[in-house]
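Biologist: I am new to this complex and would like to go through it with you, beginning with how its chains meet. Could you bring it up, please?

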Amino acid sequence: MRASCWMGKQDIRVENVPDPELLNARDAILKVTSTTICGSDLHLYNGFNPTMEKGDVLGHEFMGEVVELGSGVSNLKVGDRVVVPFPIACGSCAQCMAKNFSCCENTNPNAWLAEKMLGHPCCGIFGYSHLTGGYAGGQAEYVRVPFADVGPLKVPAHLTDEQALFLSDILPTGYMAAEFCDITPDKVVAVWGAGPVGQFAIASAKMLGAQRIIAIDRFPYRLKMAIEKAGATDVINYEEASVLETLAEMTGGRGPDACIDAVGMEAHGHGAQYLYDRAKQMAMIELDRPIAVREAIMACRSAGIVSIVGVYAGFVDKFPLGALMNRGLTIKAGQCHVHRYLQPLLERIERGDIDPSFVVSHHMDLEDAAKGYEMFNSKQDEVMKIVLRA
Amino acid sequence: MIGIQTKRKESASLPLLATGLGWLSIGLGVAKIAAPRVLSSVIGVQDTSSTRTLLRACGARELAVGIGILTGPRRPLPLWGRVVGDAIDLATLGIAMRDERNGRGRLFGSLMSVLGVTALDVVAAIKASRTQESARAAVTRAITVNRPPSEVYAQWRDFEQFPRFMEHVESVRDLGNGLSHWVAKLPTGQRAEWQAELVGDRPAERLAWRTVAGAQVPHRGSVTFKPTLDGIGTEICVEMQYDVPGGLALGALFAQLASGAQIEGDLRRFKQVLETGEVVHSDASIHRGPHPARPSERPLAEKGLRL
Ligand SMILES: NC(=O)c1ccc[n+]([C@@H]2O[C@H](COP(=O)([O-])OP(=O)(O)OC[C@H]3O[C@@H](n4cnc5c(N)ncnc54)[C@H](O)[C@@H]3O)[C@@H](O)[C@H]2O)c1
Ligand SMILES: [Zn+2]
Ligand SMILES: [Zn+2]
């Protein structure tokens, strides 16, 4: 089959690789119909994950049709159209029982490695390095889905791929980010990053009843979408104004009640601090550039909530722990527990509360994955979300 | 997963002897560096700038070895370091004897004292190496399984199932009466076999076993099963003690076992079997070495996977 493979830093190639086979009784094989590139894939693309191997098949956001089932899957049948959560969860460990699916204790065969880097292991993830298990991803014609009796959600025929695909990751992720914020109508929510994840965080904050939502980014087309499609009430272009000062003005000096980081480890910035972080990151002294999260903490109202869904991998410098502690902030973070949100969000899509397809900016063939990565990475051509057809 | 403790059989006289030799090294080192002139007259060599440089270099070496011994008087390596230093000293003194300008009488005395110290060094180094060979290592690891103690105990008690989740174990036969026969693959591809006997069996609480005399990899182990505070799961705690076997292949197996990494992996797979029904595979995990996360080129049968 054809698959998008990581061949090195900023080197993606669509190659012939063997077709997947059933390895466990609870596996399914899907014929992928639609897949997409995520901001998380960019961290791999730009070489920030030291546990990538040349030839790894990428992709953790995908949907498709069941073509083969292991003997242990009884809830699906061949021909079913499903969307698959990006974290692989067993459904029966204590974390899965507590609905913390991305903390599943059984699905990462490289748990020892993750434990060394993170203290305790994280779950397995499709196409997302060997730190998360070494699973082949779904930017391919076919993909093997372990625990197919736990993760995949059947998609009703009247929904298009574009409407269902983002249930695999970014819609639940944005929703979880907003849910972390304990939103009531009187709360002000600020969202750093108006990429696809940020757009869904804004849209979810609105669905949860927030009346004032501030989007922060530097790309005017992304800020425009935040206002026109996602439901932001205000925007700050950090290239034109100081974020901290503008937020203070907008909130009577208090700061937002909740701050969402939808940027992650490759945050962009200005001045000496940005150059310093970039240099340290290049020398592998600091794995992450925590520019957005630092700002979110400094901006947040005292006793407010900082919700982190932007991905970080390791250790950071100049983390404002003093602000966090002395002003009584709460941090909530995580890889999204996608399984939790599949059914409720599917219902919201069916009811018309949200049509996630508004983020789709480009359609491409899987064969053009390399071009897609380059485009999404450099934010060319007003790119928001690229759907690849396998 | 929790830590590792290593215990060793002690040789009573070794630490004393080694510590003495360590301080001797440090004393000589300081003297050679600080007062090379005085020292050259004691040894019986001419005081030239090149002897001073040589003495200072030897002094630095003595200091390094001395510190090495004092920080780990049971480690063989620094003690062997002293023996190597002695050989260099003896050779240097031998060359100096040929030069008529040096005091031959004093040189002969120095040669004799170095020979004496060399003998002590060799004794200490051999003792330290022997002690290491008969080392015993203890490893403790713990994991929580989301199943009640009775079920976890029953799965563990079913020894013949061990090859499902224990990576190096090839087969286990339950011989009845608490006896079992084990066959394991060594990292070198060879096999090791042993018999084990149960020495403790409290259903849903604890199992303990040890190898029967004559085993190639003598070890003893115990596992306790404790209900978690919520009453749903089980905290498993495994303690293993291995005696270091002779021979390279077994030594390699030993190193692997005693590192604790093997037990950790085996426990994780044991948990997978109990909680999910089987060992969980990724595309990369079904290969021996590092492999890209892509489907395998080899047919499944070759991978020896059971479905
Ligand atoms: N927690 C999860 O489960 C989860 C799931 C999916 C994605 N993510 C993470 O979410 C993050 C965003 O993903 P995406 O797909 O939207 O990526 P993206 O690259 O399209 O979006 C990131 C946006 O952040 C903006 N940005 C950069 N620096 C900024 C700064 N200092 N202040 C404000 N905005 C800044 C960029 O201009 C860009 O628009 C990534 O880190 C991704 O890994 C997390
Ligand atoms: Zn993603
Ligand atoms: Zn689980």
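Biologist: How many residue pairs are in polar contact between chain A and chain B?

Modeller: This is a predicted model, and a pair is counted here when both residues are at pLDDT 80 or more. On that basis, the count of residue pairs in polar contact between chain A and chain B is 20.

Biologist: Which element gives the most to the side of chain A that touches chain B?

Modeller: Among the elements of chain A, β4 (56-57), α2 (94-97) and α3 (111-118) each supply at least two residues of the side that touches chain B. The residues on that side divide into 20 nonpolar, eight polar and 10 charged. With three residues, the element that gives the most is α3(A).

Biologist: Which side chains meet in a salt bridge at 2.5 Å, N to O?

Modeller: Between chain A and chain B the count is two salt bridges. In one of them, with a distance of 2.5 Å from N to O, the side chains that meet are those of A:Glu105 and B:Lys271.

Biologist: Where in chain B is confidence lowest?

Modeller: Chain B averages a pLDDT of 83, and 86% of its residues score at least 70. Over residues 2-10 of chain B, however, pLDDT stays under 50, and where pLDDT is low, the predicted coordinates should not be read in detail. While helix α6 (residues 149-157) of chain B has the highest confidence, at 97, the lowest, at a mean of 42, is in strand β1 (residues 4-7) of chain B.

Definitions and conventions:
Residues numbered from 1 in each chain as written. Chains lettered and ligands numbered in written order. Heavy atoms only, no water. pLDDT = per-residue confidence, 0-100. Helix = DSSP H or I, 4+ residues; strand = E, 2+ residues; numbered from the N terminus. Contact = heavy atoms within 4.5 Å. Salt bridge = Lys/Arg side-chain N within 4 Å of Asp/Glu carboxyl O. Polar contact = N/O pair within 3.5 Å; in protein donor to acceptor, adjacent residues only side chain to side chain. Nonpolar A, V, L, I, M, F, W, Y, C, P; charged D, E, K, R; others polar.
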